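Reader: Please take a close look at one surface part of this model. Keep it brisk, and then set that part against the rest of the chain.

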Amino acid sequence: MPLPADFERRLWAAADQLWTNSALQPSEYATPVLALIFLKYADHRFAQAERELAGKARRRGAIGRDDAHARGFVYVPEKARFRGLLELPEGADIGKAINEAMKAIEAENDDLRDVLPKTYGRFDAQTLKELLKLFSTIPEDVEGDVFGRIYEYFLGNFAPRTLQKGGEYFTPYSVVRLIVEIVEPYHGRIYDPACGSGGMFVQSASFVSAHEKRPTDEISVYGIEKIQATLRLARMNLAVHALSGDIKEANTYYEDVHEQEGRFDFVMANPPFNQNAVDKERLKDDRKRFPFGMPTIDNANYLWIQLFYSALSEKGRAGFVMANSASDARGSELELRRKLVETGAVDVIVALSPNFFYTVTLPVTLWFLDKGKAKGARKDKVLFIDARHVYRQVDRAHREFTPEQIEMLANIARLWRGEKAENLHGGGKLMKENFPKGKYVDVAGLCKVATIGEIEAQGWSLNPGRYVGVVEKAGEEFDFKERLGELNEELERLHAEARELEGRIAESVAALLETCS
């Protein structure tokens, strides 16, 4: 049976009421609540396996740890069973019991060691009791990845309350989905060196499943996350989706813990934008990971871009979120961008509208690289897609892509690559409107294939707005909000140029002072 309509929303609303009345801050209750969903999921899978094995002939005794791990799920010892916690008598120390349950699971499952929270003593007993009751209502006989869906829904709703600057641990579902659909990670090694809560891995697994393959047979995942609390979220996220992966705690700039050069078939990431204070002196001699050199400006965007490029295998593909300013940045960053474009690996660039992210209201751009393309007929061309007018308004402050829109945008890339368009999510109607013959064509205001010569003429800009053109509108169709967004984008670009000039002036002054001393 399918999950009841709006179930995640109703579950969230009920749970939200419980902790709203507690004295805890969102940062204190987010991870423990997510861990309770994980515990319910782990218990469900374990009980399912027990029933399956009990039905087999000559099966004796309870299911063991090795049985569970061989089948790819979490071993749940008796003291950690969800029903046991739910049935604790009145007056029992529920917080202590849940802490002990989490410890017991970690002791039996190496992938979860030091991952689960043990801070349930901060919750009052009544709130914990009600949360356990609430999560016990999650139906267990539904189709699909119900626990993964609920975990993602709660994670997404916690995000606006707990995110740090830049939205570093959570990338909105529809943006991740678009990246995955364009990259097409059917089979191979997937790497995210800024993995946050692991959304790229989860959506890659969903992509494989949608194409009727088992993710555990087709993909392996590798990640880096520098914040320990976020790393725990990622490992729980993988576990609740029945995935395992090699995710390490490290600082990607300085630590090459996965020996990444040329190793990965797919790289997908949402790195922190416009970071400064990276010690480039420690990186300047690492030409394996930074083959194009160091930017002179104090901004890490082009360090990330080189990290993604250098991690790809000979036919590897990458998809990542990038600040709009990187598309037009001048000075040393322009030179680095030129070197990247001239490799022929830049495949697709997609401009998004504002308000897709919880903490970044400005528009962003999605970059896609394909080293395999650099050796083919499309080497000297780049597909630009202007998706600033493609979205669904969720509320006044937030936007997202619908499944149909995601499929349509990904299909543009497929047609440009000579692949067949898909129609798994209802995107066929949008494709017929724009590509009635089922073949790629430039569409004014939506997409344009530009040559490297055209890109050079535009100052090596990778801003889709410079290439796709606009659709002429009658005067009465003038959209004030739309125009304001475009002006805001231009202002952001000018600010980026100003920062670049400030950096160059400061360097020149410093050099002059040094020669005068």
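**A surface patch and its setting**

Author: Start with Ile505, which sits in helix α18, spanning residues 480-516. Keep in mind that this is a predicted model. Is Ile505 buried or exposed? Its relative accessible area is 55%. The cut-off for exposed is over 50%, so Ile505 is exposed. Ile505 has partners on the surface. Together with Val509 and Leu513, Ile505 makes up a nonpolar patch. The accessible area of the three residues together is about 290 Å².

Now the background for that patch. The chain exposes about 23800 Å² in total. Carbon and sulfur atoms supply 49% of that area. Of the 517 residues, 53% are buried. The chain contains 18 helices and 11 strands. Contacts reach far along the sequence. Among contacts with a separation of 6 or more, 72% join residues 24 or more positions apart.

Next, the nonpolar residues on the inside. The largest nonpolar core has 55 residues. Which of them touch the most other members? They are Trp19, Phe38, Ile98, Phe135, Phe154 and Phe158. Several helices feed this core with at least two residues each: α1 (7-20), α2 (26-54), α4 (82-86), α5 (94-108), α6 (125-135), α7 (146-162) and α11 (228-240). Helix α2 gives the largest share, 14 residues. Take Phe154 as one example. Beyond its neighbours within four places in sequence, Phe154 contacts Glu8, Leu11, Trp12, Ala15 and Trp19, along with Val33, Leu34, Ile37 and Phe135. A separate core holds 54 residues, including Val176, Ile182, Val443 and Cys447.

Cys447 leads to the cysteines. Its relative accessible area is 1%, so Cys447 is buried. Cys195 is buried too, at 5% relative accessibility. How many disulfides does the whole structure hold? A search finds 0.

Charged side chains come next. The structure has 30 salt bridges. One of them pairs Asp110 with Arg65, with the closest N and O atoms 3.9 Å apart. This pair links distant parts of the chain, 45 residues apart. Asp110 lies in the loop between α5 and α6, while Arg65 is in helix α3, residues 65-70. Arg65 is partly exposed, at 30% relative accessibility.

Lys248 and Asp246 form another salt bridge, 3.3 Å from N to O. Both ends have some exposure. Lys248 is at 31% relative accessibility, so it counts as partly exposed. Asp246 is at 29% and also counts as partly exposed.

The bridge between Asp286 and Arg289 has its closest N and O atoms 2.8 Å apart. Here the two ends fall into separate classes. Asp286 is partly exposed, with a relative accessible area of 23%. Arg289 is buried, at 4% relative accessibility. Why does the cut-off split this pair? Buried means under 20%, so Arg289 falls below the limit and Asp286 does not.

Some bridges join into a network. It links the arginines Arg177, Arg317, Arg378, Arg414 and Arg417 with acidic partners. Those partners are Glu181, Glu184, Asp347, Asp370, Glu419 and Glu422.

Two loop residues deserve a look at their backbone. Glu212 is not a glycine, yet its phi is positive, about 60°. Glu212 lies in the loop between α9 (199-210) and α10 (215-218). With a relative accessible area of 74%, Glu212 is exposed. Glu259 is another non-glycine with a positive phi, about 45°. Its loop runs between β3 (245-249) and β4 (264-269). Glu259 is exposed as well, at 64% relative accessibility.

Back to the patch, then. Ile505, Val509 and Leu513 form it on the surface, and Ile505 belongs to helix α18. The inside offers the contrast. Phe154 belongs to the largest nonpolar core, whereas Ile505 is exposed at 55%.

Notes:
Residues are numbered from 1 along each chain as its sequence is written. This is a predicted model: local features need pLDDT of at least 70, side-chain atom pairs count only at pLDDT 80 or more; totals for chains, interfaces and linings use all residues. Side-chain values use heavy atoms; hydrogens and water are left out. A nonpolar core is a set of buried Ala, Val, Leu, Ile, Met, Phe, Trp, Tyr and Cys residues joined through side-chain atoms within 4.5 Å. Buried means under 20% relative accessible area, exposed over 50%, partly exposed in between (1.4 Å probe, protein chains only). Helices (H or I, at least four residues) and strands (E, at least two) are DSSP runs, numbered from the N terminus. Contact means heavy atoms within 4.5 Å. Patches are made of residues with over 30% relative accessible area and no salt bridge: like charges are joined within 9 Å, nonpolar side chains (Val, Leu, Ile, Met, Phe, Trp, Tyr) within 5 Å. Accessible areas come from the Shrake-Rupley method with a 1.4 Å probe; for residues, only the protein chains shown count as cover. A salt bridge is a side-chain nitrogen of Lys or Arg within 4 Å of a carboxyl oxygen of Asp or Glu. A disulfide is a pair of cysteine sulfur atoms within 2.5 Å.
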